[in-house]
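Take a look at the protein chain shown here. Keep the sequence at hand while you read.

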Amino acid sequence: MRLLAALCAASLIALGQIGTSTITGRVTDTSGAVVPNVNVSIVSKSTNVSSTAVTNQEGIYRMPSLAPGEYRVSFEASGFKKSLVDTVELRSGDTLAVDAALQVGQLTESVQVEATAPLLETETSSTRTVMSGNVLYELPLYQRYINSTLSLVPGLSMGGYAYGGDLGAYHLAGQRSGAIGIFEDGVTGQDPQGGTNTIRPIQNSVAEVNVISTLPPAEYGHTGGGVISVVKKSGTNQLHGMGSFFGRTRNMAHRRYFDQKRTSDAYPGQPNGLGAFYMQPDANIGGPVVIPKLYNGKDKTFFFFGFQRLHEKKYAQVFTSVPTLAMRQGNFVGLNPIYDPATTRQNPDGTWARDPFPGNIIPSNRIDPVAARLLGLVPWVEPTDPGTPTNTGPTNNVLANEFARNFFNDYNVRIDHQLKQSFRLNGSFTQNQLSGYQRPVRVSADRSPFDTQTGNYTPVTTTNSSVGYTWMVSPTLVNDSRAGYFRRASSTQVPSFGLDIAGQLGIPNADPALMPAFGNNQNNSYGLAGATPSRTVNETLSWRND
């Protein structure tokens, strides 16, 4: 048991706490001799929550598991004046050295010391960049993704289009994107399948983001290619809140260079033009938990709640392909030969042959009844342009309007409670709701069952929860523990599901639940490829104990 206790104490010195900070240092007298048994008090200036430590025989103290913020550090020992460092600013993941030189005198006397920021961080070997949440909030980061912080740090490269909604195109120090780890309030926050889908912390609720671009320390498990560590804001003794609105309408956006029309011009089926709207309101509130006449959480219990929404509708003019009216009537003049299957025969030399239809036109009485019914439903719009001729038909012969709709709702809440001076509890919860609408290009004549490529609905709900405690067992032994639960639920909802499209077309012995897939992998018959509903839930349970 003594050996186990010694190993636990040694690991406390060796390991850091994910997303939290540490104050350490050495206490001496004015001659440079170390002073043991000095009582060190570390008090948060925003919450008055205090932590205590005692220097060992070498005059060293260490206090881990501190949240980012401003602290007041005092040193008291018998026979010496009290020494006070009024302001020590901790950032996420800091291990900051705050030394003291005590002067001989009475405890009733005190000496105030002005702390200065160290030029080099000598207590750790990691190379990292810490950015304040307030700075990120004021930057024009599209859709307010915290992952976009990677674009602002050294050591980053991008493979193609880097999108803040996931980590798929980011590379830190040359490592693969799936090796980047993201941690939120000390627990992992990414999908275990692939590793690039992550929780999306709310920007107005982030205290700091710490990006480690070299080989991460040991406490960041399952991570070999850099770390994004997010620490969310916690409440203080003062009630604070904010609300903002950011957005634009189509009148505030100019027409793109290659667009043939303005969004305010009339379009087929939309006489008032194409709506384009971008809105991103957000708000937060934090402070002490106070229930009138029942509970006053000042100096003890704090909460912080944040919300943001993305409400976006936009159109993009794109070219796509549909069969021509002649092709729908069986006329393939000028295209690859169409052979009549009824003329299939074996030649004397053992080879097989077929005759092409005369004039490369399929007679109307030879069109399969299923195909005739399908064409009767008019699954495509008519071409708007001649397109580019090919041997199989024109391509890019429709100028269509790609309709994008993004509706995101994000929430988070954090609770901090000091049960007593030596024991603190905390918990947090973040949820991201993505609407999952695809981007239909309106080539299916608004017949959504036939738009199986962009007409599906793929909502995603991602949550990340954590609970933990910090227990100061003694002035030289601290236990920090945290459990996390990450969950990402995604689904594909198909408009044609259950409509018995096969029965309507007269296809026997087909499942009525799904629309048949016309064509094959090389030719999906102009978008009629079929689709299958699905649901996927990925979960990560994590626990760490320092």
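The paragraphs below go from confidence to cores, then to the sheet, the charged pairs and two backbone angles.

Start with how far to trust the picture. This is a predicted model. The mean pLDDT of the protein chain is 84. Of its residues, 89% reach 70 or more. The elements differ, though. Helix H1, residues 2–14, has the lowest mean pLDDT, at 38. Strand E20, residues 282–288, has the highest, at 96. Over residues 1–17 the pLDDT is below 50. Beyond near neighbours in sequence, that stretch has 19 contacts in the model.

Now turn to the nonpolar residues. In soluble globular proteins, nonpolar side chains tend to be buried together. The largest nonpolar core here has 24 residues. Which residues have the most contacts inside it? They are Ile-23 and Phe-75. Six strands each supply at least two residues of this core: E1 (21–29), E2 (39–44), E4 (60–66), E5 (69–76), E6 (82–90) and E8 (100–102). Look at Ile-23 in detail. Leaving out residues up to four places away in sequence, Ile-23 touches Ile-42, Tyr-61, Arg-62, Met-63 and Leu-66, among others. Its further partners include Val-73, Val-88, Leu-90, Leu-96 and Val-98. Apart from this core lies another, of 18 residues. Among them are Ala-162, Leu-167, Val-209 and Ile-228.

Next comes a sheet. Strands of a sheet pair through backbone hydrogen bonds, either parallel or antiparallel. Here 5 strands form an open sheet, in the order E10-E15-E16-E13-E14. The pairing is mixed. Why is one side of strand E10 and of E14 left without a neighbour in the sheet? Both stand at the edges, and each has a single partner strand. Further in, strand E13 (residues 181–184) and strand E16 (residues 227–232) run parallel. They are joined by 4 bridges. Glu-184 stands opposite Val-230 in E16.

Glu-184 leads on to the charged residues. Side chains of opposite charge can pair when their charged atoms come close. The structure holds 16 salt bridges. A network of them links Glu-184, Asp-185, Lys-232, Arg-414 and Asp-416. Follow Arg-414, which lies in strand E26 (residues 398–420). Is Arg-414 buried or exposed? Its relative accessibility is 10%, so Arg-414 counts as buried. Its side chain and that of Asp-185 are joined by a polar contact of 3.1 Å. A polar atom of the Arg-414 side chain also lies 3.5 Å from the backbone oxygen of Lys-232. Leaving aside neighbours within four places in sequence, Arg-414 is in contact with residues including Val-231, Lys-233 and Ser-234. Phe-302, Phe-303 and Phe-304 are also among its contacts.

Other salt bridges reach across the sequence. One joins the side chains of Arg-144 and Asp-282, at 3.3 Å from N to O. Arg-144 is in the loop between helix H2 (133–138) and strand E11 (156–158), while Asp-282 is in strand E20. The two are 138 residues apart. Arg-144 has a relative accessible area of 10%, so it is buried. Asp-282 has 3%, so it is buried too.

A second pair is Asp-191 and Arg-488, whose side chains meet at 3.7 Å, N to O. Asp-191 sits in the loop between strand E14 (187–188) and strand E15 (206–212). Arg-488 belongs to strand E29 (residues 477–492), 297 residues apart from Asp-191. Asp-191 and Arg-488 are buried.

A third pair is Glu-312 and Lys-314, with the closest N and O atoms 3.8 Å apart. Glu-312 counts as buried because its relative accessibility is 2%. Lys-314 has 30% relative accessible area, so it is partly exposed.

Last, check the backbone. Most residues other than glycine have a negative phi, and most peptide bonds are trans. Asp-299 has a positive phi, near 70°. Asp-299 is in the loop between strand E22 (295–296) and strand E23 (301–320). With a relative accessible area of 29%, Asp-299 is partly exposed. Asn-509 has a positive phi as well, near 55°. Asn-509 lies in the loop between helix H5 (501–505) and strand E30 (534–545). Its relative accessible area is 84%, so Asn-509 is exposed.

Key. Residues are numbered from 1 along each chain as its sequence is written. This is a predicted model: local features need pLDDT of at least 70, side-chain atom pairs count only at pLDDT 80 or more; totals for chains, interfaces and linings use all residues. Side-chain values use heavy atoms; hydrogens and water are left out. pLDDT is the predictor's confidence in each residue, from 0 to 100. Contact means heavy atoms within 4.5 Å. A nonpolar core is a set of buried Ala, Val, Leu, Ile, Met, Phe, Trp, Tyr and Cys residues joined through side-chain atoms within 4.5 Å. Buried means under 20% relative accessible area, exposed over 50%, partly exposed in between (1.4 Å probe, protein chains only). A salt bridge is a side-chain nitrogen of Lys or Arg within 4 Å of a carboxyl oxygen of Asp or Glu. Two strands pair if DSSP finds at least two bridges between them. A polar contact is a pair of N or O atoms within 3.5 Å; within protein, one must be able to donate a hydrogen and the other to accept it, and residues adjacent in sequence count only if both atoms are side-chain atoms.
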